[in-house]
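Student: I would like to learn how to read a structure like this one. Where do we start?

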Amino acid sequence: MSMIKAHHLAVSYGHGETALKVVKDVSFEVEKGETFGLVGESGCGKSTILGALAGRNKQWTGTIEIDGETIGQKRTRAQLAKQQLVFQDPFGSIHPRHTIGRTLLEPLEIHGKDRRQERIEKVLTDVGLPLNFRYRYPHQLSGGQRQRVAIARALILEPKILLLDEPTSALDVSIQAEILNLLKDLRQREQLTYILVSHDLAVVAHLCDRVAIMQSGGFVEVATRQQLLENTVEHPYTRILMDGSRGYVSEKRNSRREALPA
Ligand SMILES: Nc1ncnc2c1ncn2[C@@H]1O[C@H](COP(=O)(O)OP(=O)(O)OP(=O)(O)O)[C@@H](O)[C@H]1O
């Protein structure tokens with residue numbers, strides 16, 4: 001079953017003469033439980049696609065279907081809750097002067113949810129944080145803990161989809177692996193569907209089943225994880241990206257790279 005369907009999706013910013021079409025006619029489907037990656041050079045439109053799916057970027061044309069429901073330009077609260085964004089920089093996305101408990105409470109209040117303390121305790125446990133962290137402030141947490149809070153906040157409304165925008169790139173390498181493993185566990189436990197934006201092909205190969213390679217607002221290729229691991233991607237631009245990704249491609253083209261995480 002497809003959890004996300006986007007057909008002929010185009011997204012722009014601005015109006016009239018200054019309007020800029022950033023995403024130009026992309027179509028893709030993401031199955032329930034699948035992780036679909038978006039990679040490509042800076043400014044090619046990856047975050048813009050996430051924004052359109054999340055309901056933040058409203059200037060889009062084409063069709064979007066989420067969980068079997070066709071999405072219009074205006075969404076209901078329930079439709080907005082179905083997919084949640086997680087950003088690269090948890091410092092920027094979590095209010096610095098709110099306790100973690102307040103940060104987690106806010107979406108529950110906005111969406112009029114009951115059993116608020118119970119839900120807060122569940123998500124803290126789900127992301128591997130002690131319950132007393134609800135009394136702490138972001139500056140009292142490590143980068144990895146803050147990213148766990150950002151994931152907890154995304155999960156608190158029980159979404160079906162997480163839209164992950166470079167979720168580990170601001171973290172130390174050792175912490176990146178922890179967060180990636182947490183995301184993997186959560187996907188399985190909560191039966192989530194992910195779209196992951198990353199410039200790091202090793203991260204993409206770790207988490208994604210398929211990945212769209214973007215250039216100038218369009219897809220040049222959709223490759224499977226297997227193709228990435230075996231270095232049998234087709235498009236020349238994908239090859240350039242793979243060559244540029246840190247230590248990703250082995251010295252010999254088409255030879256399997258053993259070092260990547262399974
Ligand atoms: N709010 C906005 N108003 C106008 N232009 C925007 C806005 N947000 C993004 N853009 C432009 O749209 C283009 C695509 O931006 P987007 O953030 O989607 O790229 P990206 O592929 O996610 O890049 P990065 O990897 O650097 O995050 C860029 O040229 C950017 O300058």
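Tutor: We start with a rule for angles: two axes that meet at under 35 degrees count as roughly parallel. Keep in mind that this is a predicted model.

Student: What numbers describe a pair of packed helices?

Tutor: Two packed helices are described by the angle between their axes and the distance between the axes. Take helix α6 and helix α7, residues 173–189: their axes cross at roughly 20° and come within 10 Å. Therefore α6 and α7 are roughly parallel to each other. The crossing of α6 past α7 is right-handed.

Student: Which residues make the contact of α6 with α7?

Tutor: On the α6 side they are Gly143, Gly144, Gln147, Arg148 and Ile151. On the α7 side they are Ile175, Glu178, Ile179 and Leu182. Sorted by class, this contact has four nonpolar, three polar and two charged residues.

Student: How is α4 placed against α6?

Tutor: Helix α4 covers residues 100–110 and helix α6 covers residues 143–155. The angle between them is about 25°, and their axes are 9 Å apart. The same cut-off of 35 degrees applies, so α4 and α6 are roughly parallel to each other. α4 passes α6 in a right-handed crossing. From α4, the residues Ile100, Thr103, Leu104 and Pro107 meet Val149, Ala152 and Arg153 from α6. By class, the residues of this contact are five nonpolar, one polar and one charged.

Student: What happens at α4 and α5, and are they parallel or oblique?

Tutor: Helix α5 spans residues 116–126, and α4 packs on α5 at an angle of about 120°, with the axes 10 Å apart. Angles from 65 to 115 degrees count as roughly perpendicular, and those over 145 as roughly antiparallel. An angle of about 120° fits neither range, and α4 and α5 are therefore oblique to each other. Here too the crossing is right-handed, with α4 passing α5. Gly101, Leu104, Leu105 and Leu108 of α4 make the contact with Arg116, Arg119, Ile120 and Val123 of α5. These residues divide into five nonpolar, one polar and two charged. Note Leu104: this residue of α4 takes part in the contact with α6 and in the contact with α5.

Student: Now the ligand. Which residues surround the ligand?

Tutor: To read a binding site, list the residues around the molecule, then ask which elements they come from. The shell here consists of Tyr13, Gly14, Leu20, Val22, Gly40, Ser42, Gly43, Cys44, Gly45, Lys46, Ser47 and Thr48. Two elements give two or more residues to this shell: β2, residues 20–31, and α1, residues 46–54. The largest share, three residues, comes from α1. By class, the shell has four nonpolar, seven polar and one charged residues.

Student: Is α1 mostly covered or exposed?

Tutor: For burial, count neighbours: a residue with 20 or more other C-beta atoms within 10 Å of its own is buried. In α1, eight of the nine residues are buried, so the helix is mostly covered. The buried ones are Lys46, Ser47, Thr48, Ile49, Leu50, Gly51, Ala52 and Leu53. Lys46, Ser47 and Thr48 are also among the residues that surround the ligand. After α1 comes Gly55, with a positive phi near 90°.

Student: Why does Arg75 count as partly exposed?

Tutor: Arg75 has 17 C-beta neighbours inside 10 Å, which is why Arg75 counts as partly exposed. Arg75 lies in the loop between β5, residues 69–70, and α2, residues 77–81. Leaving out residues up to four places away in sequence, Arg75 touches Gly55 and Leu80.

Student: Which residues other than glycine have a positive phi, for example in the loops after α6 and β7?

Tutor: Phi is a backbone angle to check residue by residue. Glu158 has a positive phi near 55°, and Glu158 lies in the loop between α6 and β7, residues 161–165. Glu158 counts as partly exposed because 13 C-beta neighbours lie inside 10 Å. Glu166 has a positive phi near 50° and sits in the loop between β7 and α7. With 18 C-beta neighbours inside 10 Å, Glu166 counts as partly exposed.

Conventions
Residues numbered from 1 in each chain as written. Predicted model: local features only at pLDDT ≥ 70, side-chain atom pairs only at ≥ 80, totals over all residues. Axes fitted to C-alpha atoms, helices over the stretch in contact; angles between N-to-C directions. Helix = DSSP H or I, 4+ residues; strand = E, 2+ residues; numbered from the N terminus. Left-handed = near helix turned anticlockwise from the far one by under 90°. Contact = placed C-beta atoms within 7 Å. Nonpolar A, V, L, I, M, F, W, Y, C, P; charged D, E, K, R; others polar. Near = placed C-beta within 6 Å. Buried ≥ 20, exposed ≤ 12 C-beta atoms within 10 Å, placed from the backbone.
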